[in-house]
Amino acid sequence: MDRFKVYITRRIPREGIDLLRRVADVDINPLDAPLGREELLAVAAEYDGILGVLTDKIDARFMDAAKNLKGYANYAVGFDNIDVPEATRRKLPVSNTPGVLTDATAECAWALLFAVARRVVETDTIMRAGRWKGWGPLQFIGGDVRGKTLGIVGAGRIGTAMALMSRGFDMKVLYTSSSGRKNGVLESELSARLVSFDQLLAESDFISIHTPLTPQTKHMFGADAFSRMKDTAYVINTGRGPVIDENALVAALRKGDIAGAGLDVYENEPAMAPGLAGLDNVVVLPHIGSATRSARTGMATMAARNLIAMLKGQRPETCLNPEIFA
Ligand code: DGY
């Protein structure tokens with residue numbers, strides 16, 4: 001039997017590549033940089049299967065080029081880079097990597113929460129520059145965490161894990177749900193309450209964003225939302241950058257509408273909005289939410305298993321359009 005031809009658009013952990021090599025001849029983008037649009041369209045035309053990343057736009061133009069493609073496996077849980085309805089219309093199976101990065105991303109949200117509330121990066125910078133003149137009672141006062149209110153926007157897998165990790169800090173937990181459905185785990189384990197977005201904005205001391213990026217959630221956090229938050233509150237985003245209007249965030253931080261922000265994701269990655277990097281009350285990470293050894297290995301093997309299934313005409317484990325196998 002002829003071997004399949006697979007392309008991987010960025011280097012990924014070896015475990016995923018090894019799995020694919022059992023059934024396919026595998027080519028990998030040799031550069032540690034995203035493929036250009038034309039390069040992506042060229043590989044779409046040539047390969048049976050593609051394992052790609054969140055910077056690869058899997059849209060109608062890609063699918064026009066992908067004449068022989070049997071499946072596309074996203075190396076990410078977020079899939080706003082894929083036009084899933086279009087893929088479904090064309091019966092092209094597509095998959096993502098939920099579950100394996102849940103704890104890593106939730107832990108990253110906590111790292112940001114503490115870093116911004118306790119001014120970790122700002123003060124680390126002062127220490128390294130030799131600018132600290134010794135202890136003082138009014139220096140570097142930050143926000144408290146224990147007993148405060150944590151608002152989760154998007155209580156799916158990662159939002160739920162992030163909230164459950166608050167147990168050690170006796171926090172009151174509020175959450176929103178786009179479907180209006182209650183989160184049984186959060187309600188029973190933490191006595192969390194499902195509230196409206198307005199109530200969550202008004203009552204939370206920390207807001208952690210975990211909602212997927214959709215036309216409805218784009219710029220959900222803009223000037224109006226920031227003005228409704230407490231001026232002592234912090235916003236944390238480990239989801240997708242465009243959920244926050246980044247220029248409005250810079251303005252809100254400058255005006256003191258909110259106390260600070262911890263960001264792992266940006267509206268126009270890898271760029272940041274003008275002014276953001278100059279603010280002391282933000283902590284900015286380079287989209288590393290899932291960057292732990294086990295999460296990234298899990299993503300590689302899950303994406304590889306998904307792609308192998310699709311090459312064989314089978315429904316992948318975590319399929320985004322399972323209806324095409326019905
Ligand atoms: C995802 O999986 O969606 C993250 O943003 C990258 O790991």
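An oxygen atom of the ligand is placed 2.6 Å from an N or O atom in the side chain of S290. The structure is a predicted model, and the text below treats the ligand site, the annotated domain, a pocket and two backbone details.

**Ligand site**

The protein covers 89% of the 230 Å² of accessible area that the ligand has on its own. Besides S290, the side chain of R240 brings an N or O atom to 2.7 Å from an oxygen atom of the ligand. V77 takes part through its backbone: a backbone N or O atom of this residue lies 2.7 Å from a ligand oxygen atom. These contacts are listed here.

| Residue | Part of the residue | Distance to a ligand oxygen atom |
|---|---|---|
| S290 | side-chain N or O atom | 2.6 Å |
| R240 | side-chain N or O atom | 2.7 Å |
| V77 | backbone N or O atom | 2.7 Å |

The residues that surround the ligand are L54, A76, V77, G78, L101, R240, H287, S290 and M299. By class, this shell holds five nonpolar residues, three polar ones and one charged one.

**Annotated domain**

UniProt, in an unreviewed entry, assigns residues 6–321 the feature "domain: D-isomer specific 2-hydroxyacid dehydrogenase catalytic". Of this span, 35% is helix and 14% is strand, and its end C-alpha atoms are 21 Å apart.

**Second largest pocket**

What is the volume of the second largest pocket? The value is about 180 Å³. Its lining consists of V121, E122, T125, I126, R131, A277, L279, D280, V282 and V284. Two elements, α6 (120–128) and β12 (282–284), each contribute at least two residues to this lining. The largest share comes from α6, with four residues. Sorted by class, the lining has six nonpolar residues, one polar residue and three charged residues.

**Backbone details**

Where does the cis peptide bond involving P270 occur? The bond joins E269 and P270, with omega at about 5°. P270 sits in the loop between β11 (260–263) and β12. The strand at the end of that loop, β12, is also one of the elements supplying at least two residues to the lining of the second largest pocket.

A further backbone detail concerns K91, which has a positive phi of about 60° although it is not a glycine. K91 belongs to the loop between α4 (84–89) and β5 (94–95).

Technical notes
Residues are numbered from 1 along each chain as its sequence is written. This is a predicted model: local features need pLDDT of at least 70, side-chain atom pairs count only at pLDDT 80 or more; totals for chains, interfaces and linings use all residues. Side-chain values use heavy atoms; hydrogens and water are left out. A residue is near a molecule or strand if one of its heavy atoms lies within 4 Å of it. A polar contact is a pair of N or O atoms within 3.5 Å; within protein, one must be able to donate a hydrogen and the other to accept it, and residues adjacent in sequence count only if both atoms are side-chain atoms. Accessible areas come from the Shrake-Rupley method with a 1.4 Å probe; for residues, only the protein chains shown count as cover. Ala, Val, Leu, Ile, Met, Phe, Trp, Tyr, Cys and Pro count as nonpolar, Asp, Glu, Lys and Arg as charged, and the others, Gly among them, as polar. UniProt positions are given in the numbering used here, feature names are shortened, and annotations may be inferred rather than shown by experiment. On a 1 Å grid over the protein atoms alone, a cavity is a set of points where a 1.4 Å probe fits but cannot get out, and a pocket is an open set with protein on both sides within 12 Å along at least five of seven lines; lining residues have an atom within 4 Å of a point. Grid points are joined across faces, edges and corners, and a volume is the space filled by probe spheres set on the points.
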